[in-house]
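Trainee: I am new to this structure and would like to understand the words people use for it. Could we go through them together?

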Amino acid sequence: MNSAVSSEYFRSDWHGRVRLPSDRRPQDAEWCEIKDEEGWRRIRFHDYAEIYRERWLYDHLFYGLLECRSPQRVVGLLAEVHAESPLAQRPLRVIDVGAGNGIVGHQVRKAGAEYVLGIDILPEARIAAEKERPDVYDDYIVGDLTQPTLEMEQKLARSRANCLTCVAALGFGDIPPLAYANAVKFVECGGLIAFNIKAEFLDSRYTHGFSELIRRAQAGGILRIEALRRYRHRLSTAGDPIFYTALVATKLAEIPPDMLVDPA
Ligand SMILES: C[S@@+](CC[C@H](N)C(=O)[O-])C[C@H]1O[C@@H](n2cnc3c(N)ncnc32)[C@H](O)[C@@H]1O
């Protein structure tokens with residue numbers, strides 16, 4: 001790992017208190033160890049609640065040490081498409097799904113969004129966003145989009161969204177296709193959908209879950225793909241590059257319920 005990389009995300013309070021294993025392991029089995037008063041403690045990367053509980057650890061770990069730049073890459077592509085789209089004269093109103101501690105929200109604000117609604121399934125994510133990026137979200141829902149409550153639906157409808165972002169939250173059993181489709185419902189037709197996913201998950205061999213939903217939605221005239229870019233999402237704990245695809249599409253019509261396949 002190149003520790004000389006300068007990054008706004010490194011936090012001096014975490015310096016020397018996070019260590020990573022150097023052997024190779026599957027992405028969904030990665031972990032780190034953090035040092036607190038009681039010594040070193042292991043946290044799995046997918047235990048986001050534990051990571052968000054430690055102030056600024058998420059930024060230091062993923063964006064500092066592992067050099068993740070997906071929010072910039074996805075939102076950069078979104079901004080390019082927006083500038084040339086029929087929506088160009090209107091500012092973006094964004095629903096940010098899997099919002100975490102607000103890094104994506106911060107990027108869409110920088111890109112000129114006039115309204116940003118965050119959603120995450122974890123209360124710890126909202127608490128982290130409130131502490132670490134208090135000026136990013138106009139509202140932040142904690143809830144499960146597979147079974148949205150009436151209150152969630154009212155907030156989503158009031159957002160009058162013309163854009164949906166979802167970064168680093170698809171394809172590893174995180175946000176199920178049904179939850180994603182339930183969020184897409186609240187984006188106007190003609191609005192923009194921006195997300196990223198591990199590059200091979202868009203390969204036609206992956207015939208389940210989110211990959212299949214996107215393929216069917218494109219074939220069925222529900223989504224029109226405007227831009228797609230493969231790029232380095234972040235480093236693995238062993239220092240190898242992990243490639244993702246950023247994708248921006250226009251929503252042309254509502255997703256019919258029978259377009260959803262298994263929840264993987
Ligand atoms: C890797 S983090 C990404 C956070 C942020 N988008 C970023 O790019 O830094 C994945 C986020 O997705 C959230 N998530 C996972 N499953 C979810 C679900 N079913 N509904 C909403 N959020 C979910 C997690 O709680 C976590 O905050």
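Trainee: Which residue stands opposite Arg44 of strand 3?

Mentor: Trp31 does. Keep in mind as we go that this is a predicted model.

Trainee: Thanks! What makes strand 2 and strand 3 a pair?

Mentor: Two strands count as paired if there are at least two bridges between them. Strand 2, residues 31-36, is joined to strand 3 by six bridges, so the pair meets that cut-off. One of the bridge partnerships is Cys32 with Ile43 of strand 3.

Trainee: How do the two strands run, parallel or antiparallel?

Mentor: They run antiparallel, and a hairpin of two residues leads from strand 2 to strand 3.

Trainee: Why are strand 1 and strand 3 called edge strands?

Mentor: The sheet is open, with three strands in the order 1-2-3 and antiparallel pairing. Strand 1 (18-19) and strand 3 (39-44) each pair on one side only, and that is what the name refers to.

Trainee: Let's turn to the ligand. How do you know that Tyr52 makes a polar contact with the ligand?

Mentor: The cut-off for a pair of N or O atoms is 3.5 Å. A polar side-chain atom of Tyr52 is 2.6 Å from a ligand oxygen, so this pair qualifies. Tyr63 qualifies too, because an N or O atom of its side chain lies 2.8 Å from an oxygen atom of the ligand.

Trainee: And what makes Ile121 count?

Mentor: Here a backbone N or O atom is 3.3 Å from a nitrogen atom of the ligand, so Ile121 is also within 3.5 Å. As for cover, the ligand has 590 Å² of accessible area on its own, and the protein covers 96% of that.

Trainee: Where does the ligand sit, and how many residues surround the ligand?

Mentor: The ligand sits in the largest pocket, with 17 residues around it. Among the closest are Tyr58, Gly98 and Asp120. Helix 1 (48-53) and helix 2 (57-65) each give at least two residues to this shell.

Trainee: Which classes make up the shell?

Mentor: The shell has 13 nonpolar, two polar and two charged residues. Tyr counts as nonpolar here, so Tyr58 is in the nonpolar class.

Technical notes. Residues numbered from 1 in each chain as written. Predicted model: local features only at pLDDT ≥ 70, side-chain atom pairs only at ≥ 80, totals over all residues. Heavy atoms only, no water. Near = heavy atom within 4 Å. Polar contact = N/O pair within 3.5 Å; in protein donor to acceptor, adjacent residues only side chain to side chain. Areas by Shrake-Rupley, 256 points an atom, 1.4 Å probe, with all protein chains shown as cover. 1 Å grid on protein atoms, 1.4 Å probe; cavity = no way out; pocket = protein on both sides within 12 Å on 5 of 7 lines; lining within 4 Å. Sits in = over half its atoms within 2 Å of the grid points. Helix = DSSP H or I, 4+ residues; strand = E, 2+ residues; numbered from the N terminus.
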